[in-house]
Amino acid sequence: MRVLLIGANGYIGRFVADRLLADPAVQLTALGRGDDADVRFDLASGSPGALTRFLDAVHPGVVINCAGATRGGARELTRHNTVAVATVCEALRRSGCGARLVQIGCSAEYGPSQPGSSTAEDAVPRPGGPYGVSKLAATELVLGSGLDAVVLRVFSPAGPGTPAGSPLGRLAEAMRRAMQTGDGELKLGGLGVQRDFVDVRDVARAVHAASLSAAQGIINIGSGRAVRLRDAAATLARVAGYGGALHELDGPPGPLRPGIGQPRPELLGHHRPEVLSHHRAEALGHHRGDGDHPTHPAPVAYPYPDGCGSWQQADVRTARDRLGWRPRINLEESLADIWMEAACRI
């Protein structure tokens, strides 16, 4: 089976590539913007005609699109998540290869869910931000293309290679810094949010299964279980062997609760530490020491800016019934792999 993989260097794409390369029946070609791609092509700026000519030359049986952007403004997200998919769909329509399309979607397309509920594929999507909107538009393009196509709506991927800017990546980095500096406490914010974490290697298995199946439409890929971020943080601390205290800061993000890796507000000139009230100084993590100089505030983690509210949990029965797929890797193993990569930076 000839497979064209788009976005092989991305977080999910790398594991999809590994999975496909392990299948002796698959002949894999990687298309992307990087120098290490088999074929260099930018979907956001390249023409459908040029991609059509390549498809006719390679004649893949399956095209898997793992490419896209998770960060940036609305224009950039639209270019890389929507326009790029329009190019793929149009090229496939023009081509004579008749390839099946496997498109990687995301749970942000659904938007906020009712706490305690499981979101099925027939839920009305109400994305709460430009990322979810751009991915939903891509899904609609795929479903309306008339192609043999399936969209895998991946919930919150975790495991090795987790981006440092993701919530679990930020938690691991904060814990690494705390252990490196000997901090006995770690202040974390926004840990009440609950997300459905699924290991990226299980996602790759789902993509492989989808490429071999005849399933069409939308299929959720998740664990089927929402986990509170504070529970994930506690598990990460246990895996890492961090014996310090985890102190949760309540309330929404703001100038007093910056995300990990963001400049402290006093360094931006938003507040002068010497005129902060005692309560606000405590919120910033200042503690008076020798010479009455404030110490650095403890790191603060804040969850996804994905527009999905406080709760998301996938209904994964369709993946089970139509792909024969179930998640195999539990969250503790995913967190252990995240920590192993973070610990290598100590």
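**Note on buried residues, aromatic pairs and cores**

1. T52 counts as buried, at 8% relative accessibility; the cut-off for buried is under 20%. This value, like the others below, comes from a predicted model. T52 is part of helix 2, which covers residues 48–58.

2. The surroundings of T52 come from elsewhere in the chain. Its C-alpha atom is 6.7 Å from that of L92, although the two residues are 40 apart along the chain. Leaving aside neighbours within four places in sequence, T52 is in contact with A91, R94 and S95. With A91 there is a further detail: a polar atom of the T52 side chain lies 3.3 Å from the backbone oxygen of A91.

3. V227 is also worth a look. V227 lies in strand 12, residues 227–228, and is buried, with a relative accessible area of 8%. Between V227 and G192 the C-alpha distance is 9.5 Å, with their positions 35 residues apart in sequence. Not counting residues up to four places away in sequence, V227 touches V193, Q194, R195, F197, A232 and L331.

4. The structure contains two aromatic pairs. In one of them, the ring centres of Y11 and F15 are 6.5 Å apart and the planes stand at 90°, so the pair is edge-to-face. Both residues belong to helix 1 (residues 11–21), where they are four residues apart, about one turn of the helix. Y11 and F15 are both buried.

5. The other pair, Y110 and F155, is tilted, with 6.1 Å from centre to centre and 35° between the planes. This pair links distant parts of the chain, 45 residues apart. Y110 is in the loop between strand 5 (100–106) and helix 4 (130–143), and F155 is in the loop between strand 6 (149–154) and strand 7 (156–158). Y110 and F155 are both buried. Y110 has a charged partner as well: the charged end of R153 sits over its ring, 4.5 Å from the ring centre.

6. Which residues have the most contacts inside the largest nonpolar core? They are I12, V16, I64, L152 and I221, in a core of 33 residues. For I64, leaving aside neighbours within four places in sequence, the contacts are V3, L4, L5, I6, V16, L20, V102, V207 and S211. A second core, separate from this one, has 29 residues, including F54, V142, L147 and A149.

How values were computed: Residues numbered from 1 in each chain as written. Predicted model: local features only at pLDDT ≥ 70, side-chain atom pairs only at ≥ 80, totals over all residues. Heavy atoms only, no water. Phe/Tyr/Trp six-rings, centres within 6.5 Å; stacked < 30°, edge-to-face > 60°. Helix = DSSP H or I, 4+ residues; strand = E, 2+ residues; numbered from the N terminus. Buried < 20%, exposed > 50% of the residue type's maximum accessible area, 1.4 Å probe, protein only. Lys NZ or Arg CZ within 6 Å of the ring centre and 35° of its normal. Contact = heavy atoms within 4.5 Å. Core = buried A, V, L, I, M, F, W, Y, C linked by side-chain atoms within 4.5 Å. Polar contact = N/O pair within 3.5 Å; in protein donor to acceptor, adjacent residues only side chain to side chain.
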